[in-house]
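Me: I would like a close look at one helix in this structure and at the aromatic pair it takes part in. Please set that part against the rest of the chain afterwards.

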Amino acid sequence: MADLMKRADTAPHRTGPESGPEAEPGPKPEPGTVPGDDRTVRASALARRRRGVLAVASAAALLSLGGLGGAMLVKSPAQAAADTRAPEASLITASVGSERLARTVVLRGDVTSGATLSVTPTEVANSRALGGGINPGGSSPVLTRKLVHVGDAVRAAKPLVEFSGRPVYVLPGRIPAYRDMLPGESGDDIAQLQGALAGLGLYRGGDRHGCFGTATGKAVVALYHRLGYPVPVTAASAGKGRGGTTGDPFVPASELAFVSSVPVRVVGLAASVGDKVSGPVVSLATGGLKLTGYLDPSYQGLVKGGMKVRITSEALGLTAAARVSSVGELVTPGDRAGSRTSDASAQAEDGNPPANGGIPYLPVQVTRVGTWDNRLDGQNVRMTITAATTAGAVLTVPEAAINAGADTRTSVTVAAPDGSQHRVPVTVGVSADGKVQVTPVGTARLQAGDRVVVGQ
């Protein structure tokens, strides 16, 4: 056998037809073999069989996966019904609480000033220096000093600003200072001046009511001494034909502002020191700050006078306490004729947006507990009104736990630990934040920690 194998190995190799232009390429030999060798032929056949087996296996795998996917997509009617069947109902319960309830109503409101007025001096009056001669006035006022700050509360006969060395001050009175008040003149404005001077302890009578006489002139001199400024005096043209003479004391309209009440609050100082006066040098607000809340009409009857109010300014980080003083009638912003069905989106006549964004509201006025912080002026604030409260801790349940029977009696359903249920008749009280005060009726028992049914 060994000799035969040896002879086979030494025998010459058979070769195929010589390659030429017409010859077709044969199969590529496996690496390490010689073309035409038997081993080459056997390796090529084996490779083809392997590739065939792999192709068949791959096709079978793909068919199996396809069948599995189809089986998952196709369901029997019974399986489909089982998958779409509603889950079994389960009981939803909540615990009975013990707490103090407070029903609150939250709304927005705007803090505004009272009546406002501005002072714009137009001329500088002649003045008589204390113990000296007469200083001539001028016609081009210039702001020379600011004696107050925005937000200050200013009382009567206190200088606010100074223009060309002259003061601006306020006195109480409802008639505006529309003219210079000169000796020999009379009128309601002069009667108002006499009353204001009397309130300061500077005028004790002596002139006819409403007539600027000698006694009134002396009170004016005392007023300017208190202010710390030279007394304004009439010029030659001013005293002619008016019962006075040149150099008599008088009250210039450019220096005095009558206000409905004092103190007043400074809300504006537009000009700078050194500016020529071409507009208001000081703006004032009377009557203090005012807060108007915008209550949703659906809460009508819920908010009443005397209820506590918590005011919060998110922008300033301020809080304040107040009480409801009144709830007004329905207001439709933009309605100038009193109709309740007018276009609420209309702009106000002064060009500002309508109140409450044009949404109808009930105006809620409040009374501040203590004094207002002047920084709240112009702020939109949150108002939390306590509409009802319990005296102490009470039993509470979610609103969904309350059952109303055909006999109008109310009850809750208590779920016992063993799974049983029983009804407990109750009366309801204050409700707040989704909870309701409940009190068991008669001998019925209900206590904090019991579980009540709210749904299933």
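Reply: What follows starts with helix H5, goes on to its ring contact, and then turns to other parts of the chain.

The model is predicted. Its protein chain contains six helices and 25 strands. Of its 456 residues, 34% count as buried.

Helix H5 covers residues 214-227. With 14 residues, H5 reaches 20 Å from its first C-alpha to its last, close to the 20 Å expected at 1.5 Å a residue. After H5 comes Gly 228, which has a positive phi, near 90°.

The buried residues of H5 are Ala 215, Thr 216, Gly 217, Ala 219, Val 220, Val 221, Leu 223, Tyr 224 and Leu 227. They pack against strand E5 (127-128), strand E10, helix H4 (188-199) and strand E11 (231-232).

One of these buried residues, Tyr 224, has 0% relative accessibility. A residue counts as buried under 20%, so Tyr 224 falls in that class. The figure for Tyr 169 is also 0%, and Tyr 169 likewise counts as buried.

The structure holds two aromatic pairs. In one of them, the ring centres of Tyr 169 and Tyr 224 are 5.8 Å apart and the ring planes stand at 90°. Planes over 60 degrees apart count as edge-to-face, so this pair is edge-to-face. Tyr 169 belongs to strand E10 (residues 166-172) and Tyr 224 to H5, so the pair ties together parts that are 55 residues apart in sequence. E10 is also among the elements that the buried residues of H5 pack against.

The other pair is formed by Tyr 294 and Tyr 361, with ring centres 4.7 Å apart and planes at 75°, so it too is edge-to-face. Tyr 294 sits in strand E15 (residues 290-295), while Tyr 361 is in the loop between strand E17 (318-327) and strand E18 (362-368); the two residues are 67 apart, and the pair links distant parts of the chain. Both Tyr 294 and Tyr 361 are buried. A ring is involved in one further contact: Arg 368 lies over the face of Trp 372, at 5.9 Å from the ring centre.

For the chain as a whole, contacts between residues at least 6 apart in sequence can be sorted by separation, and 66% of them join residues at least 24 apart. The chain exposes about 26,800 Å², of which carbon and sulfur atoms supply 54%.

Elsewhere, four strands make up an open antiparallel sheet in the order E4-E14-E13-E8. Its edge strands, each pairing on one side only, are E4 (115-119) and E8 (153-154). E4 and E14 are joined by five bridges in the antiparallel sense, and Thr 116 stands opposite Ala 285 in E14. Strand E13 (residues 264-268) runs antiparallel to strand E14 (residues 282-286), with three bridges between them. Across that pairing, Arg 265 has Ala 285 as its bridge partner, and Val 266 has Leu 284.

In E14, five of its five residues are buried. Val 282, Leu 284 and Thr 286 lie on one side and Ser 283 and Ala 285 on the other, so that both faces of the strand are covered.

Key: Residues numbered from 1 in each chain as written. Predicted model: local features only at pLDDT ≥ 70, side-chain atom pairs only at ≥ 80, totals over all residues. Heavy atoms only, no water. Phe/Tyr/Trp six-rings, centres within 6.5 Å; stacked < 30°, edge-to-face > 60°. Buried < 20%, exposed > 50% of the residue type's maximum accessible area, 1.4 Å probe, protein only. Lys NZ or Arg CZ within 6 Å of the ring centre and 35° of its normal. Expected span 1.5 Å × (residues − 1). Contact = heavy atoms within 4.5 Å. Pairing = 2+ DSSP bridges. Areas by Shrake-Rupley, 256 points an atom, 1.4 Å probe, with all protein chains shown as cover.
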